[in-house]
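Welcome! Here is a short tour for someone meeting this structure for the first time. Please keep the viewer open as you read.

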Amino acid sequence: MAPLRFSANVSWLFPELPGLTARLRAAGSSGFEAAEVAWPYAEPPEAVARAAREAGLRLVLINTPPGDREKGEMGLGAVPGRQAAFREGLEQAVLYARALGCPRIHLMAGRVPQGADRAAVRSEMETVFLENLRHAAGVLAQENLVGLLEPINTRITDPQYFLDMPQQAAAILQKVGRPNLQLQMIMDGNLTGNIREFLPLVGHVQVAQVPGRGEPDSPGELNFPYLFQLLEDEGYKGFVGCEYRPLGDTAEGLNWLRSYWERRGRPQAGQ
C-alpha cells in the first residue's frame with residue numbers, strides 16, 4: 001500500500017504569513033509536494049503559477065468563486081436565480097485551473113437563501129444544481145478537468161449550506177451521471193462507513209480535527225492514525241488536503257505529518 005499524499009490548503013495554513021506567495025513558499029519549505037487554495041482570484045493566474053512553481057509545489061484544487069460575500073453568498077451552484085453568475089465564475093475558475101495546471105475544481109453549491117425554509121426550497125435548489133452541474137461537466141471535460149462536490153457540515157461549519165451529507169452529494173452525482181464529477185470528502189461523522197461506501201466516488205479528501213478544526217493530532221473526536229490507515233487499506237490514491245485551523249505556528253504544528261512521513265515514507269514521484 002502506497003503512503004498517502006498530502007496537500008497544504010494555504011487558505012487555512014500559515015495564517016501567520018502575509019499573502020499567497022509567502023504561504024506557498026512556506027508550504028514547500030515544510031515538505032509538501034502540493035497545495036490547494038480556495039479562491040486564488042485576487043492575483044493574476046500567471047503570478048500564482050509562478051509562486052507555486054518556485055515553491056516546488058503543484059496546485060491540485062481550487063474553488064469556483066463564492067459570489068457576493070457581503071451578501072452572505074458561499075458558492076452559487078444551487079442558488080436559484082444565480083445561474084448566469086455561476087457559469088461566469090466557472091469560466092474564471094477554468095481559466096485559472098488551465099494556467100495553474102490544476103486538475104480539480106470544487107463546484108461550490110452555495111447556501112439556502114436567507115429567510116428560506118430548507119425543506120421548502122430543496123427541490124428547486126437541486127434542480128438548479130443539476131442543471132449547472134451538467135453544464136459544468138461539459139465545460140470541464142473540454143479541459144480534461146474534474147469537478148468536485150463537497151458536502152459541508154451544517155451542524156458545525158455552515159448551517160445554511162445546501163449540500164450537507166455525502167449521501168445527498170452521491171445521489172446528485174448519480175443523477176448527473178458524468179464521470180468527471182466526483183465527491184470531495186471531509187472527515188466528519190460515520191467515517192468508517194462513509195469511506196468504505198463512498199470512496200469509489202471520491203476525488204479529494206480534506207482533514208481537520210472535530211470539533212475545534214485544529215491539527216489532526218490536536219484534542220478532538222477523530223482518530224487520524226486509524227483513518228489514514230483506513231484510506232490506505234481502501235486504496236485511496238488522491239490527495240489529502242490539510243484544511244484545518246492551526247492552533248499555533250503552522251510549521252511547528254506539522255509534527256503529526258512529519259511522524260507520518262517517518263513511519264510510512266513519502267509517495268514516489270508519479271504515484
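## A first look

Among contacts in the protein with a separation of 6 or more, 74% are between residues 24 or more positions apart; contact means heavy atoms within 4.5 Å. This is a predicted model, in which local features need pLDDT of at least 70 and side-chain atom pairs count only at pLDDT 80 or more, while totals for chains, interfaces and linings use all residues. Residues are numbered from 1 along each chain as its sequence is written, and side-chain values use heavy atoms, with hydrogens and water left out.

The protein has 8 helices and 8 strands, which are DSSP runs numbered from the N terminus (helices are H or I with at least four residues, strands are E with at least two). Its radius of gyration is 18 Å, close to the 18 Å that the globule rule gives for 271 residues, so the protein is as compact as a globular protein of that length. That radius is taken over C-alpha atoms, and the rule is 2.2 Å times the number of residues to the power 0.38. Along the principal axes, the C-alpha atoms fill a box of roughly 50 × 40 × 35 Å. Of the 271 residues, 55% count as buried, where buried means under 20% relative accessible area, exposed over 50% and partly exposed in between (1.4 Å probe, protein chains only).

## Helix 7 and its surroundings

Now find helix 7 (residues 224–233) and helix 8 (residues 255–264), whose axes come within 12 Å and cross at roughly 45°. The axes are lines fitted to C-alpha atoms, for helices over the stretch in contact, and angles run from 0 to 180 degrees between N-to-C directions. Helix 7 and helix 8 are therefore oblique to each other; angles under 35 degrees count as roughly parallel, over 145 as roughly antiparallel, 65 to 115 as roughly perpendicular and the rest as oblique.

Which residues meet between the two helices? From helix 7 come Phe-228, Gln-229 and Glu-232, and from helix 8 come Trp-256, Tyr-260, Arg-263 and Arg-264. By class, this contact has 3 nonpolar, 1 polar and 3 charged residues. Here Ala, Val, Leu, Ile, Met, Phe, Trp, Tyr, Cys and Pro count as nonpolar, Asp, Glu, Lys and Arg as charged, and the others, Gly among them, as polar.

The buried residues in helix 7 are Phe-224, Leu-227, Phe-228, Leu-230, Leu-231 and Glu-232. They pack against strand 1 (5–9), helix 6 (191–198), strand 7 (202–207), strand 8 (239–242) and helix 8. Just after helix 7, Gly-235 takes a positive phi of about 80°.

## Details in the loops

In the loop between strand 7 and helix 7 you will find Pro-211. The peptide bond from Val-210 to Pro-211 is cis, with omega near 5°.

Two residues that are not glycines have a positive phi:

| Residue | Phi | Loop | Relative accessibility |
|---|---|---|---|
| Phe-14 | about 60° | between strand 1 and helix 1 (20–29) | 2%, buried |
| Asn-144 | about 60° | between helix 4 (118–142) and strand 5 (146–149) | 71%, exposed |

Finally, look at Gly-77, in the loop between strand 3 (58–63) and helix 3 (83–100). Is Gly-77 buried or exposed? At 0% relative accessibility, Gly-77 counts as buried. Leaving aside neighbours within four places in sequence, Gly-77 is in contact with Phe-86, Met-108, Ala-109, Val-128, Phe-129 and Asn-132.
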